[in-house]
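Here is a friendly note to help you find your way around this structure. Have the sequence and the 3D view open as you read, and take the points one at a time.

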Amino acid sequence: MKPAPGRRRRLPVLPVLLLLFLPFLLLGAAGSKDAVIPLQEGHNSWHEKSQRFCYTNTRAPRWNDVWTRTQIHVTSSRMIRITQVDSEEELEKFSLWNVVFSFLRGKLNDTSIDVDLYSNKTCLKVELLEPGTNYTVVLLRRTS
């Protein structure tokens with residue numbers, strides 16, 4: 001059916017927007033292919049771009065570790081988004097739900113992540129929301 005003279009045919013908005021932004025969503029969700037930075041206890045690292053970090057627990061828990069608290073502390077100059085997962089592979093996975101939920105997640109500039117005493121690995125991804133943001137990441141072990 002032809003549109004009336006003088007009227008333009010309008011394309012459906014949602015499919016057009018999806019086609020325009022899908023490549024950017026896929027590229028952004030895939031993330032950078034930079035190496036995962038290993039976290040070491042007590043080592044304070046300073047960064048200016050989005051990075052991925054992992055802490056590998058090399059010690060088997062002992063009876064006196066029950067009172068030990070291990071945390072990854074992230075502090076930034078501006079708002080950032082932090083995603084925590086249990087392995088490096090999960091940092092690489094693309095999921096449409098992850099893209100949707102990334103818009104719903106909290107945006108923080110100071111946070112602490114508790115590390116499970118019995119987990120082998122804890123990984124996180126720090127995403128910068130504004131250019132010019134810098135942040136520090138440190139792994140701390142405290143005995144209560």
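**Notes for a first look**

1. Let's start with a charged pair: Arg69 and Asp114 make a salt bridge, and their closest N and O atoms lie 3.5 Å apart. This contact links distant parts of the chain, since Arg69 belongs to strand β4 while Asp114 sits in strand β5 (residues 108-115), 45 residues apart. Please keep in mind that this is a predicted model.

2. Are the two partners buried or exposed? Neither label fits Arg69, which is partly exposed with a relative accessible area of 46%. Asp114 is also given as partly exposed, at 46% relative accessibility. Both values fall between the cut-offs, because buried means under 20% and exposed means over 50%.

3. How many salt bridges does a search of the whole structure find? It finds two. Besides the pair above, Glu41 forms a salt bridge with Arg141, with the closest N and O atoms 3.0 Å apart. Here too, distant parts of the chain are linked: Glu41 is in the loop between β1 and β2, Arg141 is in strand β7, and 100 residues separate them. As general background, side chains of opposite charge can pair when their charged atoms come close.

4. The accessibility of this second pair is worth a look as well. Glu41 has a relative accessible area of 48% and is partly exposed. Arg141 counts as partly exposed too, at 23% relative accessibility.

5. Now follow β7, the strand that holds Arg141. Strand β4 (residues 68-85) runs antiparallel to β7, and nine bridges join them. To find this pairing in the view, look for His73, which stands opposite Val138 in β7.

6. Strand β7 (residues 135-143) is also joined to strand β2 (residues 45-47), by three bridges and again in the antiparallel sense. Trp46 is a handy landmark here, with Thr136 as its bridge partner in β7.

7. Next, turn to β3. Why is strand β3 (residues 51-56) largely enclosed by the rest of the structure? Five of its six residues are buried, so the strand has that enclosed character.

8. Which strands pair with β3? One of them is strand β1 (residues 37-38), which pairs with β3 in the parallel sense over two bridges; Ile37 stands opposite Phe53 in β3. Another is strand β6 (residues 121-128), which runs antiparallel to β3 and is joined to β3 by six bridges. In that pairing, Tyr55 has Thr122 in β6 as its bridge partner.

Technical notes: Residues are numbered from 1 along each chain as its sequence is written. This is a predicted model: local features need pLDDT of at least 70, side-chain atom pairs count only at pLDDT 80 or more; totals for chains, interfaces and linings use all residues. Side-chain values use heavy atoms; hydrogens and water are left out. Two strands pair if DSSP finds at least two bridges between them. Helices (H or I, at least four residues) and strands (E, at least two) are DSSP runs, numbered from the N terminus. Buried means under 20% relative accessible area, exposed over 50%, partly exposed in between (1.4 Å probe, protein chains only). A salt bridge is a side-chain nitrogen of Lys or Arg within 4 Å of a carboxyl oxygen of Asp or Glu.
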